[in-house]
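Me: I would like a close look at a single part of this model, set out for someone who works at the bench. Please choose one position, describe its surroundings, and then place it within the rest of the chain.

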Amino acid sequence: MPGIQDNNQRMKHFTAIVHRGEPEEGGFWATCLEVPGANGQGETKKECLRNLTEAIQLLIESEREEAFRLDPKAETAELRLA
């Protein structure tokens, strides 16, 4: 049904810290506060953020797979911070 998402497809919000490259190099690079190890870079800010988004998705999915590989009976729970 359009407009309805299951728990795995809920919109998640992340904080990107975007930096300009050195003047002689140009471009942008970014990291994510909530996902250590995720980073992106690109000639434009848009490309940089797109690459960061892909890195976040890959890291989260690989961490999820590893967690359930180590404990197939594990459960997920949604946490909300104020």
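Reply: Two strands are taken to pair if DSSP finds at least two bridges between them. The model is predicted, and in it β2 and β3 pair in the antiparallel sense over four bridges. Ala-30 has Gly-40 in β3 as its bridge partner. Ala-30 and Gly-40 are both among the residues that Leu-52 touches, and Leu-52 is accordingly the position chosen here.

Leu-52 is situated in helix α1, which covers residues 45–70. Is Leu-52 buried or exposed? Its relative accessible area is 3%, and because buried means under 20%, Leu-52 counts as buried. When residues up to four places away in sequence are set aside, Leu-52 touches Ala-16, Ala-30, Thr-31, Cys-32, Ala-38, Asn-39 and Gly-40. For one of these contacts a backbone distance can be given: the C-alpha atoms of Leu-52 and Ala-16 are separated by 8.1 Å, although the two residues are 36 residues apart along the chain.

The contacts of Leu-52 may be read against the sheet. Three strands form an open sheet in the order β1-β2-β3, and the pairing is antiparallel. The edges are taken by β1 (16–20) and β3 (39–42); each has a single partner strand, so one side of each is left without a neighbour in the sheet. From one strand to the next, the twist averages 20°. Helix α1 lies across β1, β2 and β3, and runs at about 150° to β3.

Which residues make up the largest nonpolar core? It has nine residues, namely Phe-28, Ala-30, Cys-32, Val-35, Ala-38, Cys-48, Leu-52, Ala-55 and Ile-56. The elements giving two or more residues to this core are β2 (28–32) and α1. Helix α1 supplies the largest share, four residues. Leu-52 thus belongs to the core, and Ala-30, Cys-32 and Ala-38 are core members that Leu-52 also touches. As a general point, nonpolar side chains in soluble globular proteins tend to be buried together.

Two cysteines of this core merit separate attention. Cys-32 is buried at 6% relative accessibility, and Cys-48 is buried with a relative accessible area of 0%. A disulfide would require a pair of cysteine sulfur atoms within 2.5 Å; by this rule the count comes to zero disulfides.

Charged pairs complete the account. How many salt bridges does the structure hold? There are two. One of them belongs to helix α1, where Arg-69 and Glu-66 both lie, three residues apart, or about one turn of the helix. The closest N and O atoms of Arg-69 and Glu-66 are 2.8 Å apart. Arg-69 counts as exposed at 56% relative accessibility, whereas Glu-66 is partly exposed at 35%. In the other salt bridge Glu-78 is joined with Arg-80, the closest N and O atoms being 3.1 Å apart. Glu-78 is partly exposed, with a relative accessible area of 46%, and Arg-80 is exposed, at 71%.

Helix α1 therefore holds both the buried Leu-52, because a relative accessible area of 3% is under the 20% limit, and the salt bridge between Arg-69 and Glu-66.

Conventions:
Residues numbered from 1 in each chain as written. Predicted model: local features only at pLDDT ≥ 70, side-chain atom pairs only at ≥ 80, totals over all residues. Heavy atoms only, no water. Buried < 20%, exposed > 50% of the residue type's maximum accessible area, 1.4 Å probe, protein only. Contact = heavy atoms within 4.5 Å. Core = buried A, V, L, I, M, F, W, Y, C linked by side-chain atoms within 4.5 Å. Axes fitted to C-alpha atoms, helices over the stretch in contact; angles between N-to-C directions. Salt bridge = Lys/Arg side-chain N within 4 Å of Asp/Glu carboxyl O.
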